[in-house]
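Morning, everyone. Please bring up the sequence and the model, and follow along as I talk.

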Amino acid sequence: DGTKPVPNMEFWETMLKAYNQEVDPTYKFDAVVPPTEGYRHDENGPPPYYAKLSPGKGRGLFASRDIQKGEIVHDGTKSDVVFPDGLTWKRFVFALPRKMA
């Protein structure tokens, strides 16, 4: 049906390897689980969400526990990477396997 799978740890390790090669050799994941399995924003309690396929809808994020009104569950500090310029972004993309780029 053309639905992309939820990325697994092998996917994230491939992305990290390319990022380390082309952008920042010191960057590493903060956690031992792939970002698609959620993370603890404040390190207390279970991750508030996880990724999975939704039948007929594709990929999505789902709550793994009750989320309080106004609670911050993601702020990008543990999953975002930075590219210093466009050329670095291009080198990263070209370092990826063709199906991932």
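**Helix 1 and what surrounds it**

Let's start on the outside of helix 1. Glu-10, Lys-17 and Gln-21 are exposed there. They sit on the other side of the helix from its buried residues. One caution before going on: this is a predicted model.

Now turn helix 1 around. Which of its residues are buried? They are Trp-12, Met-15, Leu-16, Ala-18 and Tyr-19. Looking down the axis of helix 1, these buried residues fall within an arc of 165°, so they line one face of the helix. There is a general point behind that. An α-helix has 3.6 residues a turn, so residues three or four places apart point the same way.

Some basics on this helix. Helix 1 covers residues 9-22, which is 14 residues. From first C-alpha to last it reaches 20 Å, close to the 20 Å expected at 1.5 Å a residue. Look at its start, too. A side-chain oxygen of Asn-8 comes to within 3.2 Å of the backbone nitrogen of Glu-10.

What covers the buried residues of helix 1? The cover includes helix 2, residues 86-95. That brings us to the core. The largest nonpolar core has 6 residues: Trp-12, Met-15, Ala-18, Tyr-19, Phe-92 and Leu-96. Helix 1 gives the largest share of this core, with 4 residues.

Stay with Tyr-19 for a moment. Leaving out residues up to four places away in sequence, Tyr-19 touches Asp-24, Tyr-27, Val-81, Val-82, Phe-83 and Phe-92. Phe-92 is also a member of that core.

Next, Thr-88. This residue is in helix 2. Is Thr-88 buried or exposed? Thr-88 has 5% relative accessibility, and the cut-off for buried is under 20%, so Thr-88 counts as buried. Beyond its neighbours within four places in sequence, Thr-88 is in contact with Glu-22, Val-23 and Phe-83. Phe-83 is on the Tyr-19 list as well.

**The strands**

Over to strand 1, residues 49-54. Leu-53 lies there. With 43% relative accessibility, Leu-53 counts as partly exposed. How many residues separate Leu-53 and Val-6 in sequence? The answer is 47, yet their C-alpha atoms are 6.8 Å apart in space. Val-6 is in contact with Leu-53. So are Thr-3, Lys-4, Gly-58 and Arg-59, with neighbours within four places set aside.

Strand 2 runs over residues 58-63, and Gly-60 is found in it. Gly-60 is partly exposed, at a relative accessible area of 23%. Setting aside neighbours within four places in sequence, Gly-60 is in contact with Tyr-50, Ala-51 and Lys-52. Take Tyr-50 from that list. It is 10 residues from Gly-60 in sequence, and the two C-alpha atoms are 8.4 Å apart.

**The whole chain**

Now step back. The protein chain has 2 helices and 2 strands. From the N terminus on, their order is α-β-β-α. The chain has 101 residues, and 18% of them are buried. Its accessible surface comes to about 7600 Å². Carbon and sulfur atoms hold 55% of that surface.

One last number, on contacts. Take those with a separation of 6 or more. Residues 24 or more positions apart account for 51% of them. Leu-53 with Val-6 is one such pair, at 47 residues apart.

That's my tour. Thanks for listening.

Key. Residues numbered from 1 in each chain as written. Predicted model: local features only at pLDDT ≥ 70, side-chain atom pairs only at ≥ 80, totals over all residues. Heavy atoms only, no water. Buried < 20%, exposed > 50% of the residue type's maximum accessible area, 1.4 Å probe, protein only. Contact = heavy atoms within 4.5 Å. Areas by Shrake-Rupley, 256 points an atom, 1.4 Å probe, with all protein chains shown as cover. Expected span 1.5 Å × (residues − 1). Arc of directions from axis to C-beta. Polar contact = N/O pair within 3.5 Å; in protein donor to acceptor, adjacent residues only side chain to side chain. Core = buried A, V, L, I, M, F, W, Y, C linked by side-chain atoms within 4.5 Å.
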